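Student: I have a new model open on my screen and would like to learn to read it. Could we go through it together, one question at a time?

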Amino acid sequence: MGSAKNLGDTLKDVVAKADSVLHRLDEVREQAVKISRDVVRLSGFSITALHQGDLEAARRHLEGCEELTKKLLELTRPYPELYYSGLVYNAVSEYVEAKLLYTLVTDRTLPDFEELGVYVVPYLQGLADVVGELRRYALENLRKGKLDEAWWALDLMELIYTSLRGLDYPDSILPNFRHKVDTARGLVDSTKSLVIDISQREELLRALSQKGAERDRP
């Protein structure tokens, strides 16, 4: 049997080794926090630029966001405690949201999570959040009188919602996902009411204008 002194020495070594591992983990976490903030910032810049119609700025910010996202994933991949944590999920989902919005609006394409090189959970979180940005896009196009583009955005919002609503998993697997899908449903309904209302008004105005033109004919 080992003496108390020997066990004490062993315990000291074990704790020192654990402390070294946790110290490194904490260092990586601090780096991940800084990178995550920049990812969120650039994704927001990209989305704002896209809504403003500045596609070049949106693309430029998105490229920076993509580089930082890859850096974040490479940094945390050896540390599952971080890689599969809310810290990384939140940042990656913001990147996914910006990336999907940009590709949908500019290319009418939807890259999947494997193409983006991200884990499925933050991808689905970001996809659900895109519904809100598509609503902004629809409203901006309504303001500009571009009804066809607003209808396109609304149709896409509904497609995303109906595709995601069947994914019934607990928060331990898909954190906060059900709430995001419920929010998307409300956004779809409110946007649909608005687009239909404005479209009907436009049709009424056209009809009245046509009747007026016919009445004025000699």
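Student: What volume does the largest pocket have?

Tutor: Happy to start there, and keep in mind that this is a predicted model. The pocket's lining is made up of 13 residues. As for the space itself, the largest pocket has a volume of about 180 Å³.

Student: Which residues lie nearest the centre of the largest pocket?

Tutor: Good thing to look up on your screen. Of the 13 lining residues, five names are the ones to find. Those nearest the centre are L50, G53, Y137, N141 and K144.

Student: Which helix gives the most to the lining of the largest pocket?

Tutor: Let's narrow it down. At least two lining residues come from each of α1, α4 and α6 (120-143). The top contribution is 3 residues, and the helix that supplies them is α6.

Student: How do the lining residues of the largest pocket divide into nonpolar, polar and charged?

Tutor: The pocket has a mixed lining, with every one of these classes represented. The nonpolar residues number 4 and the polar ones 5. That leaves the charged class, with 4.

Student: Now for closed spaces: how many cavities of 30 Å³ or more are there, and which residues line the largest cavity?

Tutor: The count is 1 cavity of 30 Å³ or more. The space in the largest cavity is about 30 Å³. Its lining consists of L73, Y83, V88, Y89, V92, Y119 and P122.

Student: What classes of residue make up that lining, and which helix gives the most to it?

Tutor: Sorted by class, the lining of the largest cavity has 7 nonpolar residues, with no polar and no charged ones. The most from any helix is 3 residues. They come from helix α4 (residues 86-107).

Student: Let's turn to α2. What distance does it reach from its first C-alpha to its last?

Tutor: Helix α2 covers residues 55-76, which is 22 residues. At 1.5 Å a residue, 32 Å would be expected, and the model comes close to that. The reach from first C-alpha to last is 31 Å.

Student: Where on α2 are its buried residues, on the same side or on opposite sides?

Tutor: The buried residues of α2 are A57, A58, L62, C65, L68, T69, L72, L73, L75 and T76. Since they cover an arc of only 150° around the axis, they lie on the same side of α2. E67 and E74 are exposed on the other side. So the answer for the buried set is the same side.

Student: What covers the buried residues of α2?

Tutor: Other helices take part in the cover. Among them are α1 (4-51), α3 (80-83) and α4.

Student: Is T69 buried or exposed, and which residues is it in contact with?

Tutor: T69 is in helix α2. Because its relative accessibility is 3%, T69 counts as buried. Leaving aside neighbours within four places in sequence, T69 is in contact with V39, V92 and Y95.

Student: K99 is a lysine, so I'd like to check it too. Is K99 buried or exposed?

Tutor: K99 lies in helix α4. Beyond its neighbours within four places in sequence, its contacts are L62, E66 and L116. With a relative accessibility of 17%, below the 20% cut-off, K99 counts as buried.

Student: Which residues is E94 in contact with?

Tutor: E94 is another residue of helix α4. Its relative accessible area is 25%, so E94 is partly exposed. Once neighbours within four places in sequence are left aside, the contacts of E94 are V40 and S43.

Student: What is the phi of R108?

Tutor: Most residues other than glycine have a negative phi. R108 is found in the loop between α4 and α5 (113-116), and it is partly exposed at 40% relative accessibility. It is not a glycine, yet its phi is positive, at about 60°.

Student: Where is N176, and what is its phi?

Tutor: N176 sits in the loop between α7 (147-164) and α8 (177-216). At 40% relative accessibility, N176 counts as partly exposed. This residue is other than glycine too, and its positive phi is near 65°.

Student: Last one: how far apart are the end C-alpha atoms of α7?

Tutor: Helix α7 has 18 residues, so at 1.5 Å a residue it should span 26 Å. The model agrees with that expectation. The end C-alpha atoms of α7 are apart by 26 Å.

Technical notes:
Residues are numbered from 1 along each chain as its sequence is written. This is a predicted model: local features need pLDDT of at least 70, side-chain atom pairs count only at pLDDT 80 or more; totals for chains, interfaces and linings use all residues. Side-chain values use heavy atoms; hydrogens and water are left out. On a 1 Å grid over the protein atoms alone, a cavity is a set of points where a 1.4 Å probe fits but cannot get out, and a pocket is an open set with protein on both sides within 12 Å along at least five of seven lines; lining residues have an atom within 4 Å of a point. Grid points are joined across faces, edges and corners, and a volume is the space filled by probe spheres set on the points. Helices (H or I, at least four residues) and strands (E, at least two) are DSSP runs, numbered from the N terminus. Ala, Val, Leu, Ile, Met, Phe, Trp, Tyr, Cys and Pro count as nonpolar, Asp, Glu, Lys and Arg as charged, and the others, Gly among them, as polar. The expected span of a helix is 1.5 Å times one less than its number of residues. Buried means under 20% relative accessible area, exposed over 50%, partly exposed in between (1.4 Å probe, protein chains only). The arc is that of the directions from the helix axis to the C-beta atoms. Contact means heavy atoms within 4.5 Å.
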